[in-house]
Amino acid sequence: MDNFARLLLRLILVPLGYLAAVMAGSAVILIGEWRIGSLFDAAQPDAAAVGFVVAIVASATVLVVLLALMWLVAAVGILFSEAFAVRSWMFHAANGVVSAWIGSQLFTPADGTPAVAADPFYVVAAGLAAGLAYWLVAGSTAGFFKPILRTPAERAGRLPPPPAPPRTDIPPPASLPP
């Protein structure tokens, strides 16, 4: 029953972690590269309302594009971490950076339309934020089974008890006559 519950938990946490990762990466792109906060700096209230609508549409568009395109690239690292129970935040951050970099290179539009993120700094920053967000939600408990390579403290708990000291209350055997 414990294994079944853990499997169900992984089936829920991994997609939620991916969603959190995409939302974190989208936020970095929208706030950092696109400077979406500057849409609200208008002196006229009508322009600020239009800026708000544009920000909502742009945010939804970037979120949907990244959800649709990045899952295959990021799935390689996610499956590796789940299969081998890799729970390191550095692995997940590196997976986010590598996935964002490869994804930005693979899915760059060829017809001249601008890419979602063109500046390499923001691609790496979005990948780093995405990897850390995934680690916070699902990566810190990755793996269906417990990891094979454990810390020395965990291995010490699995060792058999030390042998008992020899007993001193038993008299030595009597020597036999020659």
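Contacts in this chain lean on long sequence separations: residues 24 or more positions apart make up 79% of those with a separation of 6 or more, contact meaning heavy atoms within 4.5 Å. This is a predicted model, where local features need pLDDT of at least 70, side-chain atom pairs count only at pLDDT 80 or more, and totals for chains, interfaces and linings use all residues. Residues are numbered from 1 along each chain as its sequence is written, and side-chain values use heavy atoms, with hydrogens and water left out.

**The chain overall**
- You'll find 5 helices and 0 strands here; helices (H or I, at least four residues) and strands (E, at least two) are DSSP runs, numbered from the N terminus.
- Of the 178 residues, 28% count as buried, which is under 20% relative accessible area with a 1.4 Å probe, protein chains only.

**Helix 3 against helix 4**
- The axes of helix 3 and helix 4 (residues 120-137), lines fitted to C-alpha atoms over the stretch in contact, come within 7 Å and cross at roughly 140°.
- Residues of helix 3, including W89, G96 and W101, meet helix 4 residues, among them P120, G127 and W135.

**A look at S104**
- S104 sits in helix 3 (residues 89-106) and is one of the residues meeting helix 4.
- With a relative accessible area of 17%, S104 is buried.
- The S104 side chain reaches the backbone oxygen of W101 at 2.9 Å.

Notes. Buried < 20%, exposed > 50% of the residue type's maximum accessible area, 1.4 Å probe, protein only. Polar contact = N/O pair within 3.5 Å; in protein donor to acceptor, adjacent residues only side chain to side chain. Axes fitted to C-alpha atoms, helices over the stretch in contact; angles between N-to-C directions.
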